[in-house]
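Q: Please take a close look at a single part of this model, the place where strand pairing and aromatic ring pairs come together, and describe it in one connected account.

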Amino acid sequence: MESQRSLIMKSGKSSIVIPEGCTEILLHACCAPCSSAIVEWLMANGIRPTIFYYNPNIFPREEYEIRKQESKRHAESLGIRWIDGDYNHDQWRKGVCGLEEEPERGRRCQQCFVLRLTETAHKACELGIRYFATTLASSRWKSLEQIELAGHIAEQKVNDTCEQSFNVAFWAQNWRKGGLQERRNQLLKEYHFYNQRYCGCEFSMQHQSPNSNQ
């Protein structure tokens, strides 16, 4: 296992740990609010992020486009690279077929994470970026254990076929730590981001609370 180094944040000791030698990362972004504080932290700590917006789970298409444009607007304001993944909701539905009645944080969510992070790992391999991570791990509504498992499954799948001279590696990180959750809420107001009320798919929409924020 590669050695890692801890960083100290202004707010005190941070549990955010940077993999050794990581200066660039492909960051799967689920939305602008969730990625904002993470991107700011990465750039402040010498890591160049490339945003990969791949979220075919989002429904309806109008909702997807709103979230996509907000993510793009945020990246452009910072002058960082932003990549639009394909929106193929029908393919995503096939990928979670048979899991429609699963509860939130159940097997459907696990499979959804695997599908999205596998595509992210493929893109990292294609771009020659060793490390990839996801902003999904910033949401208090998601299971960090499911996300970490999905990331490592994606890592293993892609490394079996990646033609780069290195293996891609999933940076498993709890992005709620180090004051990032509080900073996220500040940036949401500063950027006037659209703040969605449900995870994205039609199944999570059915379980949403009228007062919840993702």
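A: In this predicted model, Tyr53 is buried, and Trp82 is buried as well. These two residues form an aromatic pair of the stacked kind, with 6.2 Å from centre to centre and 25° between the planes; the angle falls under the 30 degrees that stacking requires. The pair is one of nine aromatic pairs that the structure holds. Because Tyr53 belongs to strand S4 and Trp82 to strand S5, their contact ties together parts that lie 29 residues apart in sequence.

The two rings are also members of a cluster, in which ring pairs link Tyr53 and Trp82 with Tyr64 and Tyr87.

The backbone joins the two strands too: S4, which covers residues 48–53, pairs with S5 in the parallel sense over three bridges. Tyr53 takes part in this pairing, since its bridge partner in S5 is Asp84. Tyr53 thus has Asp84 as its bridge partner and Trp82 as a stacked ring partner.

Seen in the wider setting, S4 and S5 belong to an open sheet of five strands with parallel pairing, arranged in the order S5-S4-S3-S6-S7. Strand S5 (82–84) stands at one edge and strand S7 (169–170) at another, and each has a single partner strand, so one side of each is left without a neighbour in the sheet.

A ring contact of another kind involves Arg67, whose charged end sits over the ring of Tyr198 at 5.1 Å from the ring centre.

How values were computed:
Residues numbered from 1 in each chain as written. Predicted model: local features only at pLDDT ≥ 70, side-chain atom pairs only at ≥ 80, totals over all residues. Heavy atoms only, no water. Pairing = 2+ DSSP bridges. Helix = DSSP H or I, 4+ residues; strand = E, 2+ residues; numbered from the N terminus. Phe/Tyr/Trp six-rings, centres within 6.5 Å; stacked < 30°, edge-to-face > 60°. Buried < 20%, exposed > 50% of the residue type's maximum accessible area, 1.4 Å probe, protein only. Lys NZ or Arg CZ within 6 Å of the ring centre and 35° of its normal.
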